[in-house]
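Visitor: I have a few questions about this model. Could we go through it together?
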Amino acid sequence: MKRSSSKELAVLKGHTGGVGPIVFSPDGRVLASGSFDKTIKLWDVNARKELATFKGHRSDVWTVEFDSDGKTLYSSCRDGNISWEVKTGKVLRGMSEFESTRLPRSSLSPESNLLARALFDKTIELKDMLTGKWLSPLKGHTDVVNSVAFSPDGKTLASGSDDKTIKLWEVSLKK
């Protein structure tokens, strides 16, 4: 029987509101986080430190997404979309209309063997997709977990919470 192996790697602090959407850059070195404080922060995953803060949204940030080469970041809120140049934080395209979106509350690992699901009870559920069994939940947030994202190599899971933190977790399936 398989079990999960996980441990908390780091806590990233800097947002003044709950953390909503989170996403890794295509190379896995940068994590982008949107917040209910109307900002987006970029984090150096290896150094565990904040790289930049992007300001420009007029309401809670609902989604963040890198383009395929990691040079542009797209974000949305109730009022519209913004596209950003990652290197400089410059707004490439300001607010524009968009279709309704929602926070990504689950994430499938790149190998499709683990599903992570953010829960309102302050935990993260992990499901072994090969057996269909739910594994021991990840605990550590002190408020609702809003979003989860796997790194491109599948070894790190990021979680964003209303406790204003992002947690990085080492996750794997053990035999």
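Visitor: Where does K164 lie?
Guide: In this predicted model, K164 belongs to the loop between strand 16 and strand 17.
Visitor: And what is its phi?
Guide: Phi of K164 is positive, near 75 degrees, and K164 is a residue other than glycine. The hairpin formed by strand 16 and strand 17 has three residues between the strands.
Visitor: Is K164 buried or partly exposed?
Guide: K164 is partly exposed, because its relative accessibility is 40% and the partly exposed class runs between 20% and 50%.
Visitor: How do the two strands of that hairpin run, and how many bridges join them?
Guide: Strand 16 (residues 156-161) and strand 17 run antiparallel, joined by five bridges. As an example of the pairing, L157 has W169 of strand 17 as its bridge partner.
Visitor: What about S161, where is that?
Guide: S161 is part of strand 16. With a relative accessibility of 0%, S161 counts as buried. Its side chain reaches the backbone nitrogen of D163 at 3.0 Å.
Visitor: Why is strand 17 described as largely enclosed?
Guide: Strand 17 (residues 165-174) has 10 residues, and seven of them are buried, so the rest of the structure largely encloses this strand.
Visitor: Turning to the interior, which residues of the largest nonpolar core touch the most other members?
Guide: They are I124, L126, L157 and V171, within a core of 14 residues. Strand 11 (114-118), strand 12, strand 15 (145-150) and strand 17 each give two or more residues to this core. There is also a second, separate core of 13 residues, which includes V23, A32, F54 and V64.
Visitor: Let us stay with strand 12. Which loop precedes it, and what sits there?
Guide: K122 lies in the loop between strand 11 and strand 12. Although K122 is not a glycine, its phi is positive, at about 80 degrees. K122 counts as partly exposed, with 39% relative accessibility.
Visitor: Where is D128 found?
Guide: D128 is in strand 12, which spans residues 123-128. Its relative accessibility is 1%, so D128 counts as buried.
Visitor: What does the D128 side chain lie close to in the backbone?
Guide: A polar atom of the D128 side chain is 2.8 Å from the backbone nitrogen of L130.
Visitor: And T131, where is its place?
Guide: T131 is in the loop between strand 12 and strand 13 (133-134). T131 has a relative accessible area of 45% and is therefore partly exposed. A polar atom of the T131 side chain lies 3.2 Å from the backbone nitrogen of K133.
Visitor: How far is T131 from G18?
Guide: Their C-alpha atoms are separated by 34 Å, and the two residues are 113 apart along the chain.
Visitor: A change of topic: how much space lies in the largest pocket?
Guide: The largest pocket holds about 240 Å³ of space.
Visitor: Which residues lie nearest its centre?
Guide: S25, D27, R29, V30 and V86 lie nearest the centre of the largest pocket, out of 14 residues that line it.
Visitor: How many of the lining residues are nonpolar, polar and charged?
Guide: The lining of the largest pocket has six nonpolar, four polar and four charged residues.

Definitions and conventions
Residues are numbered from 1 along each chain as its sequence is written. This is a predicted model: local features need pLDDT of at least 70, side-chain atom pairs count only at pLDDT 80 or more; totals for chains, interfaces and linings use all residues. Side-chain values use heavy atoms; hydrogens and water are left out. Helices (H or I, at least four residues) and strands (E, at least two) are DSSP runs, numbered from the N terminus. Buried means under 20% relative accessible area, exposed over 50%, partly exposed in between (1.4 Å probe, protein chains only). A polar contact is a pair of N or O atoms within 3.5 Å; within protein, one must be able to donate a hydrogen and the other to accept it, and residues adjacent in sequence count only if both atoms are side-chain atoms. On a 1 Å grid over the protein atoms alone, a cavity is a set of points where a 1.4 Å probe fits but cannot get out, and a pocket is an open set with protein on both sides within 12 Å along at least five of seven lines; lining residues have an atom within 4 Å of a point. Grid points are joined across faces, edges and corners, and a volume is the space filled by probe spheres set on the points. Ala, Val, Leu, Ile, Met, Phe, Trp, Tyr, Cys and Pro count as nonpolar, Asp, Glu, Lys and Arg as charged, and the others, Gly among them, as polar. Two strands pair if DSSP finds at least two bridges between them. A nonpolar core is a set of buried Ala, Val, Leu, Ile, Met, Phe, Trp, Tyr and Cys residues joined through side-chain atoms within 4.5 Å.
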